[in-house]
Amino acid sequence: MKKNLIYIIIGVIVIVGIIVGILFVMQNKKSNGLKLKTTAEMKAMFEKIYSDLGNTLPSLETNEIDINDANLVTTYTGLKSNKDIEAVVVSEPLMNAQAYSAVAVKVKDGADIETIKKEMLDNIDTNKWICVSAEKVYATNSGNIIFLVMSDEEWAKPVYENFKKYANNETGKELERTEDFGDVELPPEMTVIQ
């Protein structure tokens with residue numbers, strides 16, 4: 001009788017151990033989005049996103065931004081502060097006459113990603129170029145990487161979709177903004193009266 005009880009207890013312990021092991025393995029396989037550690041990995045992400053699009057985009061340059069320069073951070077991200085920012089990588093055309101900008105922002109652990117993402121979407125300057133403006137802005141995150149792209153729909157949407165594909169569609173809340181330029185009224189000094 002005691003021998004059978006010992007076998008039952010050992011059997012239960014083995015079964016519980018197997019269940020705990022399976023749960024542990026499943027939890028570790030579960031991804032919480034991108035896990036990019038360096039700006040080099042962030043730049044490689046941009047290269048992969050663009051490589052899948054062929055030659056549909058203008059010539060782009062991808063660079064790390066000095067996060068200690070508050071003006072640069074605001075210019076490229078729309079953020080008023082660099083407080084919770086760990087790294088910023090931006091990709092823009094070599095010629096500034098084309099309205100296109102994509103930015104990846106790595107936020108610090110514990111930061112409120114949704115608030116930062118919304119601030120970026122709301123405050124990014126879609127008119128920062130001379131004579132051109134971005135009509136569409138898309139933003140989302142994967143893990144602690146916030147990705148924002150702004151341009152015309154024909155450039156912004158495929159880049160945005162390729163970011164989501166790169167992140168295996170493990171993204172957070174997706175945000176978008178459409179600029180309505182409507183009828184642009186010229187200042188009086190620029191109008192010609194005939």
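**Sheet and core**

Student: How many bridges join β1 to β2?
Tutor: In this predicted model, β1 and β2 run antiparallel, where strands are DSSP runs of E with at least two residues, helices are runs of H or I with at least four, and both are numbered from the N terminus. Two strands pair if DSSP finds at least two bridges between them, and for β1 and β2 the number is 6.

Student: In what order do the strands of the open sheet lie?
Tutor: Residues are numbered from 1 along each chain as its sequence is written, and side-chain values use heavy atoms, without hydrogens and water. Local features need pLDDT of at least 70 and side-chain atom pairs count only at pLDDT 80 or more, while totals for chains, interfaces and linings use all residues. The edge strands, each pairing on one side only, are β1 (60-65) and β6 (175-178). The 6 strands, with antiparallel pairing, follow the order β1-β2-β3-β5-β4-β6.

Student: Which residue in β2 stands opposite Glu-64?
Tutor: A second, separate core of 24 residues includes Tyr-100, Trp-155 and Ala-156, and Val-89 as well. The residue of β2 that stands opposite Glu-64 is Val-89.

Student: Which element gives the most to the largest nonpolar core?
Tutor: Such a core joins buried Ala, Val, Leu, Ile, Met, Phe, Trp, Tyr and Cys residues through side-chain atoms within 4.5 Å, buried being under 20% relative accessible area, exposed over 50% and partly exposed in between, with a 1.4 Å probe and protein chains only. Of its 26 residues, those that touch the most other members are Ile-85, Val-105, Val-107, Ile-116 and Met-120. Among the elements that each supply at least two residues are β2 (85-93), β3 (100-107) and α4 (113-123). With 4 residues, the element giving the most is α4.
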